[in-house]
Amino acid sequence: MNRRTRAAAAAIVTVMGVAGGVRVVRGTPLPPLPETVPQGMAQVALRQQDIALFERRVQEDPFGGSDRARLAYLYLQRARETGDYQNFRRAEAVARASVEVRGRRNTSGRLALASSLLAQHRFAEARVAAEELVANEPESPSARALLAEIQMELGDYDGARGSFGWLGRAEDDLSVSPRLARWEEVQGLTVRARSRLYAARHKVASRSDLPREQVAWFHLRVGDIELRNGRLRQAERAFREGLAVEPGDHRLYAGLARVEAARGRWRRVLEYGARTGDRADLATLALMGDAHAALGEDARAEEMYAAVEDGYAANPEPFARQWSQFRLDHGRSLAQTRAVLEDEARARPDVLGADMLAWARYLTGDLRGARDASRQALRLGTRDASFHFHAGMIEKALGNAEGARAHLQKALEINPHFHPASVRQARAALRELD
């Protein structure tokens, strides 16, 4: 741990001293937060025992494909629970070994391999692995769903449409429904996507065979879609209900921090961010920096921003969009960031990448290029407030008042809390246009 990371960690520990007792008292009572911050020690110990058991079995049996696949899944689960990126690499290595020793009828090994590559944002490799999986298991919904997700991430929307169309017969499968919901959301079918996620969450509530981390993930997905559409109380409820299932889930605390940022409650952002501990992702560290900045604590803000830089340097990855978004939001290395996004857009022409490129071009003065990228971002009808905000600001800069007004109003209609600074900027721009 270097000096800047130690400073950021110290800042998080300082905030944790006041992290308890956050409650919302208005309206229907929300589920209380768990009193314990860390993950249950019994569950951690059990996970470690399972990993140690299968590591030993793998060493003792050089031809055990199923044991290697099981170990890969355990590494993947530990990665999600702890935020430790190295576990994705361990999962990939063990999954590859599983496929090598057992090439045929090894759905688990191939699924683990494709999933580990997807988690590392190595989308092209993940696609090859998923296509091989589908070729070996053409009737497997989980295999098709994984391929569809990878196609969607790559911006191959024609391919994704075909894969999701095949999956219509299995839309209630828990490996299918959350991916199908994301596909619907990308196409602007937000109400349908929200309904699907609530149904999936209800379904997992009756399952006793699923790890708590996976059950909590369905609460996370519900909270995320509610937050993206400005339904703050519903988002908060979903995140809190997820914490009732998995009290130490850092992703859910990060979600609560985003809710409080939308409300402008910066002390609470820091309280929830502190509960993520050393598992905070780059976006959460950046948000905590923004909270300190909003409170006038500039030195603390810079510590957090430095931690973002150090976090990326420690685990550089392709398509590091949290990192790119941080630099766009804070005006850092804009020319370099734009160059990265230009390259990424050629390899992965999805709508989020197009929107980020549009904003990078806008910030570096290429307004015509920004408009072209923004239109690509909106080509599927995605209802995303940031997409429309960026489109509106680009049109305003180009002198198209009517188009600017329409996009800015649409952004605030979709989510009037989508980003504290951008919301203020959108309202100011509308006043100018009027």
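These legends describe close-up views of a predicted model.

**View 1. The whole chain, a helical structure without strands.** The chain holds 23 helices and zero strands. Of its 434 residues, 52% count as buried. The chain exposes about 19,300 Å², and carbon and sulfur atoms supply 51% of that area. Among contacts between residues at least 6 apart in sequence, 60% join residues at least 24 apart.

**View 2. The salt bridge between glutamate 92 and arginine 122.** The closest N and O atoms of this pair are 2.7 Å apart. Glutamate 92 belongs to helix α4 (residues 86-101), while arginine 122 sits in the loop between α5 (107-119) and α6 (123-136), so the salt bridge ties together parts that are 30 residues apart in sequence. Glutamate 92 counts as buried, at 10% relative accessibility, whereas arginine 122 is partly exposed at 21%.

**View 3. Arginine 122 and glutamate 125.** The side chain of arginine 122 also meets that of glutamate 125 in a salt bridge, at 2.9 Å from N to O. Glutamate 125 is partly exposed, with a relative accessible area of 37%.

**View 4. The salt bridge between glutamate 241 and arginine 201.** Here the closest N and O atoms are 3.1 Å apart. Because glutamate 241 lies in helix α12 (residues 232-245) and arginine 201 in helix α10 (residues 190-205), the pair ties together parts that are 40 residues apart in sequence. Glutamate 241 is partly exposed at 23%, and arginine 201 counts as buried at 15% relative accessibility.

**View 5. A network of salt bridges.** Glu236, Arg240, Glu260, Arg263 and Arg265 are joined into one network by salt bridges that share partners. The structure holds 43 salt bridges.

Key:
Residues are numbered from 1 along each chain as its sequence is written. This is a predicted model: local features need pLDDT of at least 70, side-chain atom pairs count only at pLDDT 80 or more; totals for chains, interfaces and linings use all residues. Side-chain values use heavy atoms; hydrogens and water are left out. Helices (H or I, at least four residues) and strands (E, at least two) are DSSP runs, numbered from the N terminus. Buried means under 20% relative accessible area, exposed over 50%, partly exposed in between (1.4 Å probe, protein chains only). Contact means heavy atoms within 4.5 Å. Accessible areas come from the Shrake-Rupley method with a 1.4 Å probe; for residues, only the protein chains shown count as cover. A salt bridge is a side-chain nitrogen of Lys or Arg within 4 Å of a carboxyl oxygen of Asp or Glu.
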